[in-house]
Amino acid sequence: QLACPLDLGCHSVSQGYVNTDIAKSHLPRADEEGNMVFVCGPPPMMNAISGQKKSIREQGEVSGLLKDLGFTPANVFKF
């Protein structure tokens with residue numbers, strides 16, 4: 001983990017591939033009301049993290065790492 005530069009008041013950040021351990025340490029819990037995860041990135045990353053967006057108007061199902069952590073289409077937004 002890297003410390004936040006210049007004491008900007010943020011928490012620690014991680015470096016490397018997003019995996020289950022990193023996701024658990026940085027994302028809100030899937031079962032807490034009102035939590036939302038926003039995802040964007042190249043297709044291979046989207047496939048691994050959340051699944052592809054179905055169309056410009058539809059989000060589609062959640063798959064990958066976020067599904068494994070219990071997230072649903074109600075709390076994942078894909079760009």
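Here is a short chat about how the labels on this predicted model come about.

Me: What makes Phe38 count as exposed?
Reply: Phe38 has a relative accessible area of 54%. The cut-off for exposed is over 50%, so Phe38 gets that label. You'll find Phe38 in strand E1, and it touches Phe77 and Phe79, leaving aside residues up to four places away in sequence.

Me: Why is Glu32 called partly exposed?
Reply: Its relative accessibility is 41%. Buried needs under 20% and exposed needs over 50%, so Glu32 lands in between and is partly exposed.

Me: And what about Asp31: buried or exposed?
Reply: Exposed, because its relative accessibility is 57% and the label asks for over 50%.

Me: How do you know that Asp31 and Arg29 form a salt bridge?
Reply: Look at the N to O distance between their side chains, which is 2.7 Å. The rule asks for a Lys or Arg side-chain nitrogen within 4 Å of a carboxyl oxygen of Asp or Glu, so this pair passes. As a bit of background, side chains of opposite charge can pair when their charged atoms come close.

Me: Which residues are linked with Arg29 in a network of salt bridges?
Reply: Asp31 and Glu32. The side chains of Glu32 and Arg29 meet at 3.7 Å, N to O, and that is within 4 Å, so the pair counts as a salt bridge.

Me: What makes Lys54 and Glu58 a salt bridge?
Reply: Their closest N and O atoms are 3.6 Å apart. With the limit set at 4 Å, the pair therefore qualifies. Lys54 is exposed, because 59% relative accessibility is over 50%. Glu58 has 40%, which sits between the two cut-offs, so Glu58 is partly exposed.

Me: How many salt bridges does the rule give?
Reply: Three.

Me: Why is the group with Ala23, Ala30 and Val37 called a nonpolar core?
Reply: A core needs buried residues of types such as Ala, Val and Leu, joined through side-chain atoms within 4.5 Å. The largest such core here has 11 residues, among them Ala23, Ala30, Val37, Met46 and Phe71. Strand E1 (37-39), helix H2 (43-49) and helix H3 (64-68) each give two or more residues to this core. Ala30 touches Leu69, Gly70, Phe71 and Asn75, again leaving out residues up to four places away in sequence.

Me: What is the order of elements along the chain?
Reply: From the N terminus on, they run α-β-α-α-β, with three helices and two strands.

Technical notes. Residues are numbered from 1 along each chain as its sequence is written. This is a predicted model: local features need pLDDT of at least 70, side-chain atom pairs count only at pLDDT 80 or more; totals for chains, interfaces and linings use all residues. Side-chain values use heavy atoms; hydrogens and water are left out. Buried means under 20% relative accessible area, exposed over 50%, partly exposed in between (1.4 Å probe, protein chains only). Helices (H or I, at least four residues) and strands (E, at least two) are DSSP runs, numbered from the N terminus. Contact means heavy atoms within 4.5 Å.
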